[in-house]
Amino acid sequence: MMVDIIDASHVTATGDGLRYAPVHHPAWFEIDPHGPAEADIMVKVTAPSGATVPCRIMRTGNTFRCEYIPVEVGHHTIDVLYGNAPIIRSPFSCETYDPSKVRVTDVDYSGKINVPMGFAEHYTIYSLTNNPE
């Protein structure tokens, strides 16, 4: 009898779509098995409501690009499995936001064109959910 041993510990996932994403826009990340994929890659994206967000997995050589479009604002969980075993750091936590609801105020306009500028103070950015202003 032969038993296939699948090692998910060497598989990694990277990309902004694992940390933050705007709603109604494609978010993506890449999975790298660091060699030929010897097992199936499975991804499950779960929205704050518990709904499953469809995720498309596309193979490009030895890596996989995963793309999804979040439709709810808030905390999403992304489970990445390699041969039914979670990869390193899975599940991932992704915060989604609605960029049309973000307002930035009290901006210092004293900057110069083509000169890097930073914040001298910490600012809080609020996302307005019910305020049309």
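Hi everyone, this is a short walk through the chain shown above, from its overall make-up to a few residues in its strands.

One thing to keep in mind from the start: this is a predicted model.

Let's begin with the whole chain. It has 133 residues, and buried residues make up 26% of them. As for secondary structure, you'll find 10 strands and 0 helices. So if you read along the sequence, you simply meet β-β-β-β-β-β-β-β-β-β. How do contacts spread along the sequence? Taking contacts between residues at least 6 apart, 59% join residues that are at least 24 apart. And the surface: about 9,400 Å² of the chain is accessible, with 55% of that belonging to carbon and sulfur atoms.

Now please find the sheet with me. It is an open sheet of 4 strands, in the order 1-3-7-6, and the pairing is antiparallel. Which strands stand at the edges? They are strand 1, residues 12–14, and strand 6, residues 55–60; each has a single partner strand, so one side of each is left without a neighbour in the sheet. On average, neighbouring strands of this sheet are turned by 25° against each other, direction ignored.

Let's look at strand 7, residues 63–68, and start with its pairing to strand 3, residues 27–32. These two pair in the antiparallel sense, over 5 bridges. Two residues help you line them up. Phenylalanine 29 has cysteine 66 in strand 7 as its bridge partner, and tryptophan 28 stands opposite glutamate 67 in strand 7.

Then there is the pairing with strand 6. Strand 6 and strand 7 run antiparallel and are joined by 6 bridges. Here we meet glutamate 67 of strand 7 again, this time opposite arginine 56. So what links the two strands? Strands 6 and 7 form a hairpin, with 2 residues between them. If you zoom in on that turn, look for glycine 61, which has a positive phi of about 70°.

Last stop, the surface. Which residues form a nonpolar patch there? Tyr20, Tyr97 and Val102 do, and together they have about 250 Å² of accessible area. Let's pick out one of them, tyrosine 97. You'll find tyrosine 97 in strand 10, which covers residues 92–97. Is tyrosine 97 buried or exposed? Its relative accessible area is 34%, so tyrosine 97 counts as partly exposed. Patch members need over 30% relative accessible area, and tyrosine 97, at 34%, is over that cut-off.

That's the tour, and thanks for listening!

Key: Residues numbered from 1 in each chain as written. Predicted model: local features only at pLDDT ≥ 70, side-chain atom pairs only at ≥ 80, totals over all residues. Heavy atoms only, no water. Patch = residues over 30% accessible without salt bridge, like charges linked within 9 Å, V, L, I, M, F, W, Y side chains within 5 Å. Areas by Shrake-Rupley, 256 points an atom, 1.4 Å probe, with all protein chains shown as cover. Salt bridge = Lys/Arg side-chain N within 4 Å of Asp/Glu carboxyl O. Buried < 20%, exposed > 50% of the residue type's maximum accessible area, 1.4 Å probe, protein only. Pairing = 2+ DSSP bridges. Axes fitted to C-alpha atoms, helices over the stretch in contact; angles between N-to-C directions. Contact = heavy atoms within 4.5 Å.
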